[in-house]
Amino acid sequence: MDATFFFDPACPWTWRTSRWLVTVADARGLSVEWRAFSLAILNDGQVPPEFAAAMAASGRVLRLVEALRAQGRHDDAGRLYTEVGTRSHDAGDPLGEKVVAAAVEATGLTDAAAALDDERWDAAVRESHSLAYGSAGPDVGSPVLMVPGAARGIHGPILTEVPGTDDALTIWDSMLPLMRLDTFHELKRARR
């Protein structure tokens with residue numbers, strides 16, 4: 001894999017970053033491994049009531065993502081996330097059971113859909129989350145990006161909008177050498 005992207009499907013910032021990475025992967029022929037990062041785990045299960053349905057749906061998606069990863073079906077996991085994000089973040093619909101069901105149907109992943117409700121996959125989600133958090137943390141959230149040759153992952157990049165191809169490649173080409181420097185720690189500016 002050329003990149004491993006740990007994500008929580010409920011996070012709109014993560015969604016924009018994922019679309020940036022897809023643009024880069026398409027332009028450069030990179031392979032992406034899609035992995036679970038759980039905001040519910042990050043917050044020790046303390047989910048405000050208004051986010052409970054989205055976090056429950058996210059947890060189900062992450063089970064399926066890890067089940068697909070275990071079978072080496074990275075492209076299927078990426079297609080699932082694309083459908084979920086398009087139906088929720090792009091369409092402005094809240095992430096919930098209907099969005100998840102429609103995304104599974106649209107991607108033809110009904111053969112693996114049992115993982116959505118199989119609590120045995122929760123251990124794999126926790127393991128994936130721990131890998132990401134241990135690589136880039138502490139004090140990070142979704143997304144986390146890891147690349148070969150870098151000792152640690154990074155949180156982000158956090159993008160306010162999905163850049164076009166030229167800008168997407170500039171971000172990638174600028175970020176990649178920084179990620180591989182052990183002395184590099186952080187770049188940050190306030191959101192507007």
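Ala, Val, Leu, Ile, Met, Phe, Trp, Tyr, Cys and Pro count here as nonpolar, Asp, Glu, Lys and Arg as charged, and the others, Gly among them, as polar. By that scheme, the lining of the largest pocket has 22 nonpolar, seven polar and 10 charged residues.

The model is predicted: local features need pLDDT of at least 70, side-chain atom pairs count only at pLDDT 80 or more, and totals for chains, interfaces and linings use all residues. Residues are numbered from 1 along each chain as its sequence is written, and side-chain values use heavy atoms, with hydrogens and water left out.

**Pockets**

A pocket is an open set of points on a 1 Å grid over the protein atoms alone, where a 1.4 Å probe fits, with protein on both sides within 12 Å along at least five of seven lines; lining residues have an atom within 4 Å of a point. Grid points are joined across faces, edges and corners, and a volume is the space filled by probe spheres set on the points. Helices (H or I, at least four residues) and strands (E, at least two) are DSSP runs, numbered from the N terminus.

The largest pocket holds about 1,600 Å³ of space. Of its 39 lining residues, His155, Pro157, Ile158, Leu187 and Lys188 are the closest to its centre. β4 (154-155) and α7 (165-179) each supply at least two residues of this lining. The largest share, six residues, comes from α7.

The second largest pocket has a volume of about 260 Å³. It is lined by 14 residues, and those closest to its centre are Ala25, Leu30, Val32, Trp34 and Asp75. α1 (12-28), β2 (32-36) and α4 (74-90) each give two or more residues to this lining. The largest share, five residues, is from α4. By class, six lining residues are nonpolar, five polar and three charged.

**Helix α6**

Helix α6 (residues 122-136) has 15 residues, which should span 21 Å at 1.5 Å a residue; its end C-alpha atoms are 21 Å apart, so the two agree. The expected span is 1.5 Å times one less than the number of residues.

Buried means under 20% relative accessible area, exposed over 50%, and partly exposed in between (1.4 Å probe, protein chains only). The buried residues of α6 are Ala124, Val125, Ser128, His129, Ala132, Ser135 and Ala136. They cover an arc of only 135° around the axis, so they lie on the same side of α6. The arc is that of the directions from the helix axis to the C-beta atoms. On the other side of α6, Ala123, Arg126, Glu127 and Gly134 are exposed. The cover over the buried residues includes β1 (3-7), β2, α2 (39-42), α3 (52-70), β3 (144-146) and β4.

Contact means heavy atoms within 4.5 Å. Not counting residues up to four places away in sequence, histidine 129 touches Ala36, Phe37, Ser38, Ile41 and Leu42.

**Three residues compared by accessibility**

| Residue | Place | Relative accessibility |
|---|---|---|
| Histidine 129 | helix α6 | 5%, buried |
| Aspartate 139 | loop between α6 and β3 | 74%, exposed |
| Leucine 145 | strand β3 | 0%, buried |

Leucine 145 touches, among others, Phe5, Trp20, Ile154, Trp172 and Met175, not counting residues up to four places away in sequence.

**The loop after α6**

Proline 138 is in the loop between α6 and β3. The peptide bond from glycine 137 to proline 138 is cis, with omega near 10°. Proline 143 lies in the loop between α6 and β3. The peptide bond from serine 142 to proline 143 is cis, with omega near 5°. Aspartate 139 has phi near 60°, a positive value in a residue other than glycine.
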